[in-house]
Amino acid sequence: MARQMPYYHLYDSFVNQQVEKGFKREKYKDYQKYSIGFLTRGCVRHCPFCVNKLENHILPYSKLQCFLDEERDDNGKLIRPYIYLWDDNFLASDPSIWRPLLEQLIETKRPFQFRQGLDERMLAESPYGEEMAEMLSRSRYHGDFIFAFDNWKDHELIEKSLKIWKRYNPKKGTKFYLFCGYKQAEHSQDKFYKDIWELFQRIKILMSYGCVGYVMRHEDYHKAPIPNFYIQIARWCNQQAFYKKMSFWEYCYRNQTYWEQHSGFEVLDEIKSFDAFQKDLSAGFYAHPNKNGKVRKICRTLQTALDVLEMFPNHYDELIQMYNYKMEDLIDPILWQNRI
């Protein structure tokens, strides 16, 4: 199976059916524009939430030419110009494995992407970390480079790796998966606060290095004391237009004014500071009916942020500080421009 060329036309009829129903063909680009496969399999990290937690080795799986589609259309253009790789932990393999394979990918001159992300910790842990960053810097990568920052305990290692990465790739889009919500329980408020605190601290580090986050929620988030908080922080963080321009608080309040604008209320300020909101709340601004007798209620996004503040009065000031983390305030190129 590892050496058999995939039958890439398997989904053609399905895609055509969906297009006939009115869906845009671009929605199904994964079925049409990508050669897809594994170059390696396995991992050595033993993350408890991962399907590879029992794996101890990373081994070669298939050769690139085994799944690289060379088919062209009538005009001579490649039908599948991009490459998707589903390797579990490519960079943690032996240099005799990752180095020639990465060189092969570069030599194809095709845009490629490791869809499950790369292990950024290897840039700091491996004696070949600088070489990895340099080789990736001259590759035709498809979209943002994707890494993972799953555990707060790795923050020092992640920062060390980021300094290496950003020196070689100062302007290339870089995204980190942010795992959260694991082993949450309805009555475990301390565990809930620890998890959201660690999530915000990881986001702060990424913002400082000009990187974006992508929140990945374990299904256990449903058991958290306020599960909707994970939904709201994911909606903010995972949409770069919000993440790069707004703090979490600004995102929450912009949801409020969006609701007000579409409910017939006059909105003077689309975004208010938390202090300004608190003053208006105390003055009854959100209890007075408008000329049509409709009350300006608090939308669910904003209410969820307020519910978390109410749940943790002892962490109130710290939460407000985290709510106001903003990329344009935190980004600091000195962190990677000075070689340490």
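This briefing describes the fold, the nonpolar core, one helix and the two largest pockets of the chain. The model is predicted. The chain has 340 residues, of which 46% count as buried, and it contains 14 helices and eight strands. Its C-alpha trace spans about 70 × 55 × 40 Å along the principal axes.

**Overall fold**

- Among contacts in the chain with a separation of 6 or more, 73% are made by residues 24 or more positions apart.

**Nonpolar core**

- The largest nonpolar core comprises 86 residues, and Trp236, Phe248 and Tyr323 touch the most other members.
- Helix α6, residues 189-208, gives the most to this core, with nine residues.
- Phe248 touches two aromatic-core partners already named, Trp236 and Tyr323.
- When residues up to four places away in sequence are not counted, the other residues that Phe248 touches are Phe200, Phe229, Gln232, Ile233, Ala305 and Tyr325.

**Helix α4**

- Helix α4 covers residues 129-137, and its buried residues are Gly129, Met132, Ala133, Met135 and Leu136.
- Viewed down the axis of α4, these buried residues fall within an arc of 165 degrees, so they line one face of the helix.
- The elements against which the buried residues of α4 pack are the helices α2 (95-108), α3 (122-125) and α5 (155-168), together with the strand β6 (145-148).

**Largest pocket**

- The largest pocket holds about 770 Å³ of space.
- Its lining consists of 28 residues, and those nearest the pocket centre are Phe49, Cys50, Gln116, Ala148 and Asp150.
- By class, 13 residues of this lining are nonpolar, seven are polar and eight are charged.
- Strands β7 (174-180) and β8 (212-217) each supply at least two residues of the lining.

**Second largest pocket**

- The volume of the second largest pocket is about 420 Å³.
- This pocket is lined by 19 residues, with Asn151, Tyr182, Lys194, Asp195 and Glu198 nearest its centre.
- Ten residues of its lining are charged, seven are nonpolar and two are polar.
- Both β7 and α6 supply at least two residues each to the lining of the second largest pocket.
- Helix α6 provides the largest share of that lining, with five residues.

**Elements that recur**

- Strand β7 supplies at least two residues to the lining of the largest pocket and at least two to that of the second largest pocket.
- Helix α6 gives the most residues to the largest nonpolar core and the largest share of the lining of the second largest pocket.

Definitions and conventions. Residues are numbered from 1 along each chain as its sequence is written. This is a predicted model: local features need pLDDT of at least 70, side-chain atom pairs count only at pLDDT 80 or more; totals for chains, interfaces and linings use all residues. Side-chain values use heavy atoms; hydrogens and water are left out. A nonpolar core is a set of buried Ala, Val, Leu, Ile, Met, Phe, Trp, Tyr and Cys residues joined through side-chain atoms within 4.5 Å. Buried means under 20% relative accessible area, exposed over 50%, partly exposed in between (1.4 Å probe, protein chains only). Helices (H or I, at least four residues) and strands (E, at least two) are DSSP runs, numbered from the N terminus. Contact means heavy atoms within 4.5 Å. On a 1 Å grid over the protein atoms alone, a cavity is a set of points where a 1.4 Å probe fits but cannot get out, and a pocket is an open set with protein on both sides within 12 Å along at least five of seven lines; lining residues have an atom within 4 Å of a point. Grid points are joined across faces, edges and corners, and a volume is the space filled by probe spheres set on the points. Ala, Val, Leu, Ile, Met, Phe, Trp, Tyr, Cys and Pro count as nonpolar, Asp, Glu, Lys and Arg as charged, and the others, Gly among them, as polar. The arc is that of the directions from the helix axis to the C-beta atoms.
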